[in-house]
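Grab a pencil and work through a couple of short exercises on cysteines and strands. Try each task on your own before you read its solution.

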Amino acid sequence: MIRREALDALRDSDLIIHCGDVGDPAVLDALRTLAPVRAIRGNNDKGMWARRLPTNDVVEVGSHAIYVLHNLADLDLAPAAAGFIAVVSGHSHKPVIEERDKILFVNPGSAGPRRFTLPVTLGMLALRSGRCKARIVELALS
């Protein structure tokens with residue numbers, strides 16, 4: 001399921017990163033109408049279409065490297081030592097932005113189906129001159 005509010009919020013994106021639990025390949029198709037998409041497989045992504053998605057990814061934007069994985073508990077590297085500016089994950093669906101050892105950790109939450117009693121959100125990253133800033137956008141649902 002893709003929400004119109006999510007598409008509206010992402011309309012001016014240069015790149016869209018999906019942290020897994022896509023649910024349906026049509027979601028990725030809709031996102032690709034807005035910007036290039038990098039997506040990984042989440043634990044709820046099943047079927048042949050989902051097998052084509054990697055379990056993690058390294059997204060490079062200029063000189064910035066972002067590590068993307070679904071479940072932060074599966075992080076098996078030292079992000080700072082590996083040269084990452086940020087780690088983006090999605091499994092808990094709890095929107096979070098925190099800095100650890102000068103690395104930004106972001107969980108954008110879920111912009112699809114409401115998860116538990118969590119807000120419906122997505123995250124925005126801004127990369128500029130060696131810095132990464134993030135913000136959580138709560139979607140106003142109609």
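Two exercises on this predicted model follow.

**Exercise 1. Work out how many disulfides there are, and say why C132 is or isn't bonded to C19.**

*Solution.*
- Step 1: Recall the chemistry. A disulfide is a covalent bond that joins the sulfur atoms of two cysteines.
- Step 2: Pick the cut-off. To count, the two sulfurs have to be within 2.5 Å.
- Step 3: Check C132. Its closest cysteine sulfur belongs to C19 and sits 12 Å away, which is too far for a bond.
- Step 4: Tally up. The count is 0 disulfides. C19 is in none, with the sulfur of C132 as its nearest cysteine sulfur at 12 Å.
- Step 5: Look at burial, where the cut-off is under 20% relative accessible area. C19 has 6% relative accessibility, so it goes down as buried. C132 comes in at 10%, so it counts as buried too.

**Exercise 2. Put the strands of the open sheet in order, and find the edge strands.**

*Solution.*
- Step 1: Lay out the order. The open sheet has 5 strands, running β3-β4-β5-β7-β6, with mixed pairing.
- Step 2: Read off the edges. These are β3 (56–61) and β6 (96–100), each of which pairs on one side only.
- Step 3: Add the twist. On average, neighbouring strands of this sheet are turned by 20° against each other, ignoring direction.
- Step 4: Zoom in on one pair. β4 (residues 64–69) and β5 (residues 86–88) are parallel and share 3 bridges.
- Step 5: Match up residues. Opposite V68 you'll find V88 in β5.

Conventions
Residues numbered from 1 in each chain as written. Predicted model: local features only at pLDDT ≥ 70, side-chain atom pairs only at ≥ 80, totals over all residues. Heavy atoms only, no water. Buried < 20%, exposed > 50% of the residue type's maximum accessible area, 1.4 Å probe, protein only. Pairing = 2+ DSSP bridges. Helix = DSSP H or I, 4+ residues; strand = E, 2+ residues; numbered from the N terminus. Axes fitted to C-alpha atoms, helices over the stretch in contact; angles between N-to-C directions.
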